[in-house]
Amino acid sequence: MATYQLVRRGIPVTMLESGEDIQRGTLVRMAGRNLYRNLPPMTKPTGFVVTGDPETNFEYNYALGGLSNQWTGAVPRFCAEDFTAGEQVHEKYRWPVTYSDLAPFYAIAERTMQITADPSDVPNLPAGHCDYQHQVPQDWHSVRREALKRGQGFTTMPLADGPPFLFLRRGTSFNSYSKLLARLPGEPAFKLITRAHALRLEWDGQRKKVAAVVYCDRQTMAHQRISASAFIVACGPLNSSKLLFNSACSDHPNGMGNDAGLLGRYLHDHPREWWAVDVDTPLTSLSPPAYLTRLPHASSDPLLASSWTLGAFGTVGKIKSRFGKKTTYFGVQVFGTMVPEEKYYVGPAKDQKDEFGFPALEINISFDENVLRNMVKAREHLIQLVYDAGHRGTIREIVPTLFPGTAKHYGGAARMHASPKFGVTDGFNRLHEIPNVLAVDASCFTTGAEKNPTLTVMALAARSADRLASDLRAM
Ligand SMILES: Cc1cc2nc3c(=O)[nH]c(=O)nc-3n(C[C@H](O)[C@H](O)[C@H](O)COP(=O)(O)OP(=O)(O)OC[C@H]3O[C@@H](n4cnc5c(N)ncnc54)[C@H](O)[C@@H]3O)c2cc1C
């Protein structure tokens with residue numbers, strides 16, 4: 001997204017991608033329903049060591065488009081309070097960006113994604129731009145009324161699912177390479193080097209800035225060097241901090257952006273749970289899925305929330321939804337939150353090395369009692385809400401996924417904050433200590449709202465790239 005925005009603003013960009021092609025898959029979409037999706041597998045890369053919850057997952061994807069080869073495409077915006085609510089706990093949890101700062105950049109990202117959504121605001125979820133409109137079916141309106149009584153919204157989950165009819169030889173409609181970069185003008189505006197694994201940033205001690213990036217050409221294993229005026233780090237929330245640790249130099253001996261010891265700290269993730277609900281009265285099958293938004297910030301424990309995505313089961317459920325057919329069961333995915341804490345971190349492992357000879361990345365995170373209790377409350381909350389709406393629901397077996405990494409929503413390891421005391425980057429994603437380096441993926445998140453993160457990552461990346469373009473033009 002940062003590259004897309006910079007090139008649109010006339011700034012030449014060279015992008016290094018560790019992987020090569022987009023991964024192949026299959027997507028068959030008819031009448032606005034994804035009827036068949038065959039996703040390529042994710043890989044567990046080497047170079048990571050788990051020391052927190054032993055079940056911690058860290059699947060990654062070194063491929064053009066990264067994890068957008070696998071993602072679902074749910075793209076809710078954060079709401080205004082998602083950026084400010086944390087300040088009740090401590091000022092370190094206040095983002096240096098407001099919703100209104102970000103709103104125009106949400107729209108830029110959304111316009112690239114061919115989103116299906118309901119174009120109306122609901123509590124705790126501002127509406128965004130959508131190309132295709134969809135409303136939750138009429139017989140779910142009693143659920144919507146009950147949600148509203150509690151200060152929650154019940155609406156269509158905004159999904160970057162593309163046009164109603166699609167047959168693709170990849171697993172997802174929106175792949176960040178094919179949708180953002182494939183059609184950008186070629187050199188000198190945009191140059192893509194694949195199989196180029198960025199190893200470290202090179203410090204210029206005289207000019208007190210980063211002067212170059214050193215990468216490993218995976219084909220020849222030779223090290224190459226590229227100089228530039230600014231460097232955008234967007235390796236995904238774990239690998240970005242790894243690159244900054246790898247870039248330790250005489251002036252920043254503990255890693256770039258780590259003078260206050262914050263790099264890697266405040267790692268957080270979404271606890272995620274999946275279960276099916278049987279209801280005693282048939283309801284229209286939900287495809288696209290519906291989204292029950294969080295409880296109001298004012299009546300919730302600070303930084304603890306849940307969101308619920310309710311959807312049809314399998315292809316049959318999706319076909320049923322197309323014809324307004326009813327069903328007595330639906331699937332629910334819940335995302336909870338955790339209060340980001342300094343004690344959860346990523347950092348260089350003591351002994352193990354990665355394939356390039358740099359320290360492996362130690363991941364230390366687990367979900368505490370509050371987080372797990374919040375997930376149990378989320379089950380009870382939905383069942384009660386559906387009951388009050390006139391449907392007795394029973395939860396079937398709960399899929400055991402309550403360990404870090406299953407949501408693939410890590411964030412926080414290079415957090416943004418107005419003060420270098422609490423943040424690695426400033427409000428435009430620039431390292432406080434080294435402003436010609438930007439970290440623009442979810443590593444910059446100050447807190448993790450209960451919403452899927454990628455749209456917000458894209459909006460932040462577009463905004464900081466936009467600012468960088470203005471600054472570079474003014475130089
Ligand atoms: C099954 C699944 C479903 C998901 N569903 C959703 C969803 O519905 N909504 C949502 O918001 N999010 C979802 N996500 C999460 C979403 O995919 C990620 O948030 C998003 O892809 C993160 O983008 P990124 O570019 O920051 O990181 P990545 O997608 O991980 O991309 C990082 C890129 O950097 C490259 N790279 C890494 N290290 C280096 C290096 N040293 N040098 C050069 N290149 C490097 C990688 O090869 C990769 O291309 C889902 C993820 C999965 C796996």
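The following legends describe close-up views of a predicted model.

**View 1. Residues that surround the ligand in the predicted model.**
The shell around the ligand comprises 29 residues, and Glu17, Leu67, Ala74, Ala198 and Thr454 come nearest. Sorted by class, this shell has 13 nonpolar, 13 polar and three charged residues. Strand 1 (13–17) and strand 10 (196–204) each supply at least two residues of the shell. Of the elements that contribute, strand 10 gives the most, with three residues.

**View 2. Polar backbone atoms beside the ligand at serine 18, leucine 67 and glycine 73.**
A polar backbone atom of serine 18 is 3.1 Å from a nitrogen atom of the ligand. At leucine 67, a polar backbone atom is 2.8 Å from an oxygen atom of the ligand. For glycine 73, the separation between a polar backbone atom and an oxygen atom of the ligand is 3.1 Å. The ligand taken alone exposes 1,000 Å², of which the protein buries 87%.

**View 3. The second largest pocket and its lining.**
This pocket has a volume of about 280 Å³. Its lining is made up of 15 residues; Leu295, Leu304, Ala305, Asn374 and Lys377 lie nearest the centre of the pocket. Strand 16 (306–311) and helix 7 (369–388) each supply at least two residues of the lining. Helix 7 provides the largest share, six residues. By class, the lining of the second largest pocket has five nonpolar, six polar and four charged residues.

**View 4. Alanine 469 in helix 8.**
Helix 8 spans residues 454–474 and includes alanine 469. Alanine 469 has a relative accessible area of 0% and is therefore buried, the cut-off being under 20%. Although alanine 469 and arginine 9 are 460 residues apart along the chain, their C-alpha atoms are separated by 6.4 Å.

**View 5. Cis peptide bonds that precede proline 188 and proline 288.**
Most peptide bonds are trans. Glutamate 187 and proline 188, however, are joined by a cis peptide bond with omega of about 5 degrees. Proline 188 is placed in the loop between helix 4 (176–181) and strand 9 (190–194). A cis peptide bond also joins serine 287 to proline 288, with omega of about 0 degrees. The loop that holds proline 288 runs between strand 14 (272–284) and strand 15 (290–292).

**View 6. Methionine 221, a residue with positive phi.**
Most residues other than glycine have a negative phi. Methionine 221 is not a glycine, yet its phi is positive, at about 65 degrees. The residue is found in the loop between strand 11 (209–217) and strand 12 (223–227). Methionine 221 counts as partly exposed because its relative accessibility is 44%, in between the limits of 20% for buried and 50% for exposed.

**View 7. Tyrosine 266, with positive phi in a loop.**
Tyrosine 266 has a phi near 65 degrees, a positive value in a residue other than glycine. The loop in which tyrosine 266 lies is between helix 5 (239–246) and strand 14. The relative accessibility of tyrosine 266 is 4%, under the 20% cut-off, so the residue counts as buried.

Terms used:
Residues are numbered from 1 along each chain as its sequence is written. This is a predicted model: local features need pLDDT of at least 70, side-chain atom pairs count only at pLDDT 80 or more; totals for chains, interfaces and linings use all residues. Side-chain values use heavy atoms; hydrogens and water are left out. On a 1 Å grid over the protein atoms alone, a cavity is a set of points where a 1.4 Å probe fits but cannot get out, and a pocket is an open set with protein on both sides within 12 Å along at least five of seven lines; lining residues have an atom within 4 Å of a point. Grid points are joined across faces, edges and corners, and a volume is the space filled by probe spheres set on the points. Helices (H or I, at least four residues) and strands (E, at least two) are DSSP runs, numbered from the N terminus. Ala, Val, Leu, Ile, Met, Phe, Trp, Tyr, Cys and Pro count as nonpolar, Asp, Glu, Lys and Arg as charged, and the others, Gly among them, as polar. A residue is near a molecule or strand if one of its heavy atoms lies within 4 Å of it. A polar contact is a pair of N or O atoms within 3.5 Å; within protein, one must be able to donate a hydrogen and the other to accept it, and residues adjacent in sequence count only if both atoms are side-chain atoms. Accessible areas come from the Shrake-Rupley method with a 1.4 Å probe; for residues, only the protein chains shown count as cover. Buried means under 20% relative accessible area, exposed over 50%, partly exposed in between (1.4 Å probe, protein chains only).
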